[in-house]
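Hi everyone, thanks for having me. Let me put the structure up on the screen, and then I'll walk you through it piece by piece.

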Amino acid sequence: ATSYSIVSTPATTTQTTTNPSSYTFTGLANGTSYTFTVTSIKALGTGGSATSGSITTIPGAVTGLTASGATSSTVNLAWTGAPSATSYSIVSTPATTTQTTTNPSSYTFTGLANGTNYTFTVTSVNASGSGGSATSGSITTTPGAVTDRKSTRLNSGHLGISYAVFC
């Protein structure tokens, strides 16, 4: 064979190569299942062909990621999911803790430190791998609760107060 014709389905896009063993097919849509038919092209016409099994491209990126509703240890996240994503990986920064959800539009990230400024990156995932991601604006968790409050009368008109802040 002098070249090879590769046709994708769906979309019936044809690309050609002279490499007899591999080719990177470009221009595919995120999160779409494809099959590919490879046909050998000879000087006297076309030769045999073979069709691949189905493979799904990685999903596209989530969009519209927002972070809100911070408490001392949680933040609510919301986004628009990517077609064909089966789960979402969520990473907090700082601490680079990863949590996962299958919910295509929201998640409450837990286990955060109080009084800390965070951003979150949400990445779409399917069986083919990790797709695009989006990063939230920064949000700060609320301070911890005041504990062990004690007061001591020092003298007329003065009061001593001691406390601990839960961190």
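**A walk through the strands**

So, what is this protein built from? It has 15 strands and zero helices. Keep in mind as I talk that this is a predicted model.

A few overall numbers to begin with. The protein has 167 residues, and 29% of them count as buried. Its accessible surface is about 9600 Å², and carbon and sulfur atoms make up 54% of that. Now take the contacts with a separation of 6 or more: 49% of them are between residues 24 or more positions apart.

Okay, let's start at the beginning of the chain. Strand 1, residues 3-9, pairs with strand 2 in the antiparallel sense, over four bridges. The two strands make a hairpin, with four residues between them. If you want one facing pair to look for, find tyrosine 4, which stands opposite threonine 17 in strand 2.

Strand 2 itself covers residues 14-17, and its side chains alternate. Which ones are buried? Gln15 and Thr17 are, and they point to one face, while Thr14 and Thr16 point to the other face and are not buried.

Now look at the loop between those two strands. Proline 10 sits there, and the peptide bond leading into proline 10 from threonine 9 is cis, with omega near 5°. Alanine 11 is in that loop too. What is phi of alanine 11? It is near 90°, a positive value in a residue other than glycine. Alanine 11 is exposed, at 56% relative accessibility.

Hold that loop in your head, and jump to the loop between strand 8 (87-93) and strand 9 (98-101), where you'll find proline 94. Threonine 93 and proline 94 are joined by a cis peptide bond, with omega about 5°. Alanine 95 lies in this loop as well. Phi of alanine 95 is near 90°, again a positive value in a residue other than glycine. And is alanine 95 buried or exposed? It counts as exposed, at 54% relative accessibility.

Back towards the start of the chain for a moment. Threonine 39 belongs to strand 3, residues 33-42. Its relative accessible area is 17%, so it counts as buried, since the cut-off for buried is under 20%. Who does threonine 39 touch, leaving aside its neighbours within four places in sequence? Its contacts are Ser3, Tyr4, Ser5, Thr46, Gly47, Gly48 and Ser49. You've met Tyr4 already, as the residue opposite threonine 17.

**One of the sheets**

Next, an open sheet of three strands, in the order 6-7-10, with antiparallel pairing. Its edge strands are strand 6 (63-68) and strand 10 (106-109), and each of those pairs on one side only. On average, neighbouring strands here are turned by 15° against each other, direction ignored. Strand 6 is joined to strand 7, residues 75-80, by four bridges. One residue to pick out is alanine 67, whose bridge partner in strand 7 is leucine 77.

**Rings**

Last topic: aromatics. How many aromatic pairs does the structure hold? Seven. One of them is tyrosine 23 with phenylalanine 25, which is edge-to-face, at 6.3 Å centre to centre and 85° between the planes. Tyrosine 23 is partly exposed, with a relative accessible area of 35%, whereas phenylalanine 25 is buried, at 13%.

Another pair is phenylalanine 109 with phenylalanine 120, and that one is tilted: 5.1 Å centre to centre, with 55° between the planes. Phenylalanine 109 is in strand 10 and phenylalanine 120 is in strand 11 (residues 117-126), so this pair ties together parts that are 11 residues apart in sequence. Phenylalanine 109 is buried, at 0% relative accessibility, and phenylalanine 120 is buried with a relative accessible area of 0%.

Remember alanine 67 from the sheet? Its C-alpha atom is 7.9 Å from that of phenylalanine 120, although 53 residues separate them along the chain.

And back to the other pair: Tyr23 and Phe25 belong to one aromatic cluster with Tyr34 and Phe36. Have a look for those four rings on the screen while we move on to the discussion.

Terms used:
Residues are numbered from 1 along each chain as its sequence is written. This is a predicted model: local features need pLDDT of at least 70, side-chain atom pairs count only at pLDDT 80 or more; totals for chains, interfaces and linings use all residues. Side-chain values use heavy atoms; hydrogens and water are left out. Buried means under 20% relative accessible area, exposed over 50%, partly exposed in between (1.4 Å probe, protein chains only). Contact means heavy atoms within 4.5 Å. Two strands pair if DSSP finds at least two bridges between them. Axes are lines fitted to C-alpha atoms, for helices over the stretch in contact, and angles run from 0 to 180 degrees between N-to-C directions. Accessible areas come from the Shrake-Rupley method with a 1.4 Å probe; for residues, only the protein chains shown count as cover. Rings of Phe, Tyr and Trp (its six-membered ring) pair if their centres lie within 6.5 Å; planes under 30 degrees apart count as stacked, over 60 as edge-to-face and the rest as tilted.
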